[in-house]
Structures are given as structure tokens and as C-alpha cells.
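Colleague: Could you walk me through reading this model? I would like the general idea for each feature, then the case here.

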Amino acid sequence: MTTRRNFLKSSGLLAAGLGISPLLSSETLHSMKQSAPSDRVHIGVIGVGMECADMAGMLANSWVHCVAMCDVDKERLKSQAADFKKRFPENAANIKLYGDFRKLLEDKDIDGVIIATPDHWHTYIFGEALKAGKAIYVEKPVANSITECNAMMDLQQKYKGIVTTGLWQTSQRYFKAANEILKTGVLGDVYKVQIFLCQSTNLRPPVEDSTIPSSLDYNMWLGPAPQRPYNYGRARGWRGFWDYGGGQQTDWGVHWIDSAFDGLKALGINDRTYPLSVFSTAYKDRTSFNETPSCQTTIFQYENFHIEWAQQVAHLYNRDQGVVWIGSNATLVCNREGYELIPVKNREGVELTHRAQLVGPFEDGGIRDHATNWGECIQNISPQTNSPIEKGAFATILAHMANISYLTNTQVVYDSKARKFINNPKADAYLKPLYHNGWEFPGI
């Protein structure tokens, strides 16, 4: 059967084979694509607390339609759906609302789902979505433990879904350009990578437990996490509590770990192998309400280089976040505002290479391009997304290794084949979370 999508593909291939331009102009093809129901990608969102930035990025494409949203807070759900209907009237006008993700996954009209819940929910929903035949965009970090990361890779191996992870910097033009610079070898011998986030260490004041809001299904919010009284501060700032997240090491940290290794791959130094060891130390005021650290330093040790994560107050390279590849001839800094190549000077004061700099708008379409890539993979039935689960899980596992080192005050060495730490039972105790409230760890 010849569908409109197949026709567009075959006509383009025919034209390419003859060495001529397609008979239809790009404007005509775009118009046909807009009006072709068979080309539309129907997406559902599970968890709307992040203002659905990933979905908004996808809706920049007229062929993407938001058809469903799910959240445990009814008021937030209605508000977000109304906002999308107003902003995207052509492709978000008919959104079904759900309070239970399982009901959303039963909808046969949905091609893919965006999982943007707190981290402790990711793995279970990921498994159920794969079993339901949905393509998946799972936010970062992909899971709240190392064993959950491994389970997600195993589930993907079994069900072969079209999966991407929310590490969108890999799709953004500043980072792509930085990787092209690295490929030239202009930095010389690269011996260190710095990744960093700079922010205040102001204390978070304690918040008293309170009555559950009438709009919130708190039991569903907790899901597999331990049962606790409702607390607005915990629910609002969930990343700062171990039951639901891993602090900035797994939040911003996985973005920068992923970008660091994109660059190392471009350098031909390392294509995501596990470190020889990881050690992390941190500071947290004991009176602060959050459980995760305010400042943290982690060293990921490799044979000929190391990666340093710095969560601190003072800016580095006049920036508050970024990734830095440090070489014998030059240093390359890249973040969400652009990149800068800083040459080393020899003893005579002569710079060993030319300076280069790109400054642009913050983020500048990175989320849009990343989400669009996933949507195009759904259209083309291709698993080759920009950030497959193996890529996202690797960065997440390294971040969890860092937190486990901090929590146990030990240097940790991870055996990725055995999926455990070497001679470190204290660290092994943090590998797998216990599931509570009747929820069971997802089976493969």
C-alpha cells in the first residue's frame, strides 16, 4: 500500500537518483506534510510539572499533535492543557486528560509518550510504555538508581522501542560546533575535562507537613517511593530528596557528563567506557531542609585523563555552567550560551592556536531540535535517535556512582558486566531501590 509518506520518500529518492531536483518544491512538500494525517505524530505527556518544555519543542512542527496529558494534580493538568490549546491551536486543540498514566497508555491513537515525572517514577512508566508499543522520550536523569538504569536498557533490548532521553545538549548547535572543533585536534593532548554548575548555597528553610491539596492524588505522586506525610516543600523541591531524585549531580550533572563524553568521542579518546574509579565529596548544612548537597566535587578517573564535576558558588571561566576540555595547546569552553576557544601561550607569550568564540541566545532551540529528531524517528520507524537509552543511562549511572561515593564516603569502582561495585558492600546497598505501596520493580 502506498501512503503519502512513502510517496514523498520514494519521489525524493527518485529525484536524487536521477541527479535532478524533486518535481515538487520544498514549500509544496512542506504543505503536503502539514495536511497529511498519515504523517502526523500523536504524542501524550505524562507529568506536566516542567511546563511541558519537551512537548512545546515538538509542537513547533505542525505534523506533531499533542493528543493527551496526564498528571496527578488536576488543577495543574487543566491549566497546562489550556495553555497549550491557546498557544498551539492547530495541533493541540483536542487533548484528552488523564489522572492515571496507565489509562493514557491504553489509548491506541498515541504514537509516543514524554515521561516527565519525578525521577522515581521513570523506570516503571518506561517499562509499561514499551510494553504498550509507544515510542518514548524520557527526561533526564533517566532513573533514580543504577539498577533501574540497567533495567531500562534491558527493557529496550527486549521491546526495541523508539527511545530518546532528555539530554538535548547533544542536539544543540553550540555543542555540535564545539565537537567539530575538537575533531581538528587543535587542543593538543587533552588531559582533563571540567563540568560545572555554580549557584547559591543558601539554606532551604524547613517546611511543616500539611494537608494534601484536594486537586492532588498524593498516593499516585508517591508511587513506588516510601510512604510519607504530605509536605509541600518535599513535593515542590523533590530533586533535593533521595527518595525522588539525586540533587544537582543527577539533575544538571547528567547533562554535562553527557556533553563531556560527546566531546571525548569527537576527540577519539573515549566512547563511553566506565571510569577506573569515582570519588565524590560534598558540603551540606545540617539545618537545610533538603537532603542532597549544596556543593559537591566529583572526580571520574580514567587512565590518561579525568573528569571533574564542580557544583560550587564562584563562576568558572566567567560562566555559571558548562563543560571544558583542557588540552596542552588550548582550552575549549562550551555552555548554553555558546563556546570559546582559549589558546595556551608559550614562554614567549605567543598563543599556540587562534582564538575562536561564538555567543548566542541561551539554549537556542536545543530542546526543539532534540524533540524534533525523536518525532522524525517515529515517522521513519527508526530507533536511531540522537540520545538512545544506552547514552542516557550511561551518564545517569556515572552521576549515581558519584552520589553513592558521597553517601558512603568511599571511592567506588563499578563493574558494568557484573552490575555491582567491586569489594564495596556499602555501595552495593544503594544500587537498587525498594518499591513501596504495592508497586513492583519492573520485570524484563
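Modeller: Happily; we will take the helices, the backbone and the pocket in turn. This is a predicted model, where local features need pLDDT of at least 70, side-chain atom pairs count only at pLDDT 80 or more, and totals for chains, interfaces and linings use all residues. Residues are numbered from 1 along each chain as its sequence is written, and side-chain values use heavy atoms, with hydrogens and water left out.

Colleague: What span does helix α13 reach from its first C-alpha to its last?

Modeller: Helices (H or I, at least four residues) and strands (E, at least two) are DSSP runs, numbered from the N terminus. The expected span of a helix is 1.5 Å times one less than its number of residues. Helix α13, residues 366-380, has 15 residues and reaches 21 Å, close to the 21 Å expected.

Colleague: Why is α13 described as largely enclosed?

Modeller: Buried means under 20% relative accessible area, exposed over 50%, and partly exposed in between, with a 1.4 Å probe and protein chains only. Eleven of the 15 residues of α13 are buried, so the rest of the structure largely encloses it. Among them are His370, Trp374 and Cys377. Helix α6 (residues 122-131) is also largely enclosed, because eight of its ten residues are buried, including Tyr124 and Phe126.

Colleague: Which residue follows α13, and what is its phi?

Modeller: That is Ile381, with a positive phi of about 50° although it is not a glycine. Ile381 sits in the loop between α13 and α14 (389-408), and at 70% relative accessibility it counts as exposed. Tyr317, not a glycine either, has a positive phi of about 55°; it is found in the loop between β10 (306-312) and β11 (321-327) and is partly exposed at 28%. Just after α6, Gly133 takes a positive phi of about 80°.

Colleague: Where is the cis peptide bond?

Modeller: It runs from Lys140 to Pro141, with omega near -15°. Pro141 lies in the loop between β5 (135-138) and α7 (146-159).

Colleague: How much space lies in the largest pocket?

Modeller: On a 1 Å grid over the protein atoms alone, a pocket is an open set of points where a 1.4 Å probe fits, with protein on both sides within 12 Å along at least five of seven lines; lining residues have an atom within 4 Å of a point. A volume is the space filled by probe spheres set on the points. Here that is about 650 Å³. Of the 27 lining residues, the closest to the centre are Gly49, Arg76, Trp221, Ala235 and Trp238. Helix α10 gives the most to the lining, with three residues.
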